Amino acid sequence: MTMPDEVIDCRGQRCPLPVIAAARRLPQLPVGTVVRVLADDPAAAVDLPAWCRMRGQEFLGSVKGPDGPAYDIRRRH
């Protein structure tokens, strides 16, 4: 498992807020940065990978951990 460079805590937020948070933060980070989005809204499991495909970012997968469901994204451009 890849360790994230940064964590965005979106727990308690309904989609599309976790996607919006990732979309705002990613451009501020260097290419190659891995961001973990903590999101307990079940829709995030579909919305975050779909957003990555549409925006050309790399969806690394979902993570189940002590902080609840999380999703790792690597900035590609």
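Helices are DSSP runs of H or I with at least four residues, numbered from the N terminus, and Arg25 has its place in one of them, helix α1. The structure described here is a predicted model. This briefing considers the helices α1 and α2, the contact between them, and several residues in and around α1.

**Helix α2**

- Helix α2 comprises 12 residues, numbered 44–55, and extends 16 Å from its first C-alpha to its last, which is close to the 16 Å expected at 1.5 Å a residue.
- Its buried residues are Ala44, Leu48, Pro49, Trp51 and Cys52.
- Viewed down the axis of α2, these buried residues fall within an arc of 155°, and they therefore line one face of the helix.
- The face of α2 that is turned away from the buried side carries the exposed residues Val46, Arg53 and Met54.
- The buried residues of α2 pack against one helix, α1 (17–25), and against the strands β2 (34–38), β3 (58–65) and β4 (68–74).
- Gly56 follows α2, and the phi angle of Gly56 is positive, near 70°.

**Helix α1**

- Within α1, the residues Pro18, Val19 and Ala22 are buried.
- These three residues cover an arc of only 100° around the axis, so they lie on the same side of α1.
- The elements that cover the buried residues of α1 include β1, β2, α2 and β4.

**The contact between α1 and α2**

- The axes of α1 and α2 come within 9 Å of each other and cross at roughly 35°.
- This crossing of α1 and α2 is right-handed.
- On the side of α1, the contact is made by Pro18, Val19, Ala22 and Ala23, while α2 contributes Asp47, Leu48 and Trp51.
- Sorted by class, the residues in this contact are 6 nonpolar, no polar and 1 charged.
- Several of the contact residues are also buried: Pro18, Val19 and Ala22 in α1, and Leu48 and Trp51 in α2.

**Arg25 in helix α1**

- Arg25 has a relative accessible area of 25%; it counts as partly exposed because this value lies between the cut-offs of 20% for buried and 50% for exposed.
- With neighbours within four places in sequence left aside, Arg25 is in contact with Glu6 and Ile8.
- The C-alpha atoms of Arg25 and Val35 are 9.0 Å apart in space, and the two residues are 10 residues apart in sequence.

**The loop before α1**

- Pro16 is placed in the loop between β1 (6–9) and α1.
- The peptide bond leading from Cys15 to Pro16 is cis, and its omega is near 15°.

**The loop between α1 and β2**

- Pro27 lies in the loop between α1 and β2.
- Pro27 counts as exposed because its relative accessibility is 55%, and the cut-off for exposed is over 50%.
- Apart from neighbours within four places in sequence, Pro27 is in contact with Ala22 and Arg75.
- Pro27 and His77 are 50 residues apart along the chain, and their C-alpha atoms are separated by 8.4 Å.
- Gln28 is also found in the loop between α1 and β2.
- Gln28 is exposed, with a relative accessible area of 58%.
- The C-alpha atoms of Gln28 and Gly68 are separated by 25 Å, and these two residues are 40 residues apart along the chain.

How values were computed
Residues are numbered from 1 along each chain as its sequence is written. This is a predicted model: local features need pLDDT of at least 70, side-chain atom pairs count only at pLDDT 80 or more; totals for chains, interfaces and linings use all residues. Side-chain values use heavy atoms; hydrogens and water are left out. Helices (H or I, at least four residues) and strands (E, at least two) are DSSP runs, numbered from the N terminus. The expected span of a helix is 1.5 Å times one less than its number of residues. Buried means under 20% relative accessible area, exposed over 50%, partly exposed in between (1.4 Å probe, protein chains only). The arc is that of the directions from the helix axis to the C-beta atoms. Contact means heavy atoms within 4.5 Å. Axes are lines fitted to C-alpha atoms, for helices over the stretch in contact, and angles run from 0 to 180 degrees between N-to-C directions. A crossing is left-handed if the near helix is turned anticlockwise from the far one by less than a right angle, and right-handed if clockwise. Ala, Val, Leu, Ile, Met, Phe, Trp, Tyr, Cys and Pro count as nonpolar, Asp, Glu, Lys and Arg as charged, and the others, Gly among them, as polar.
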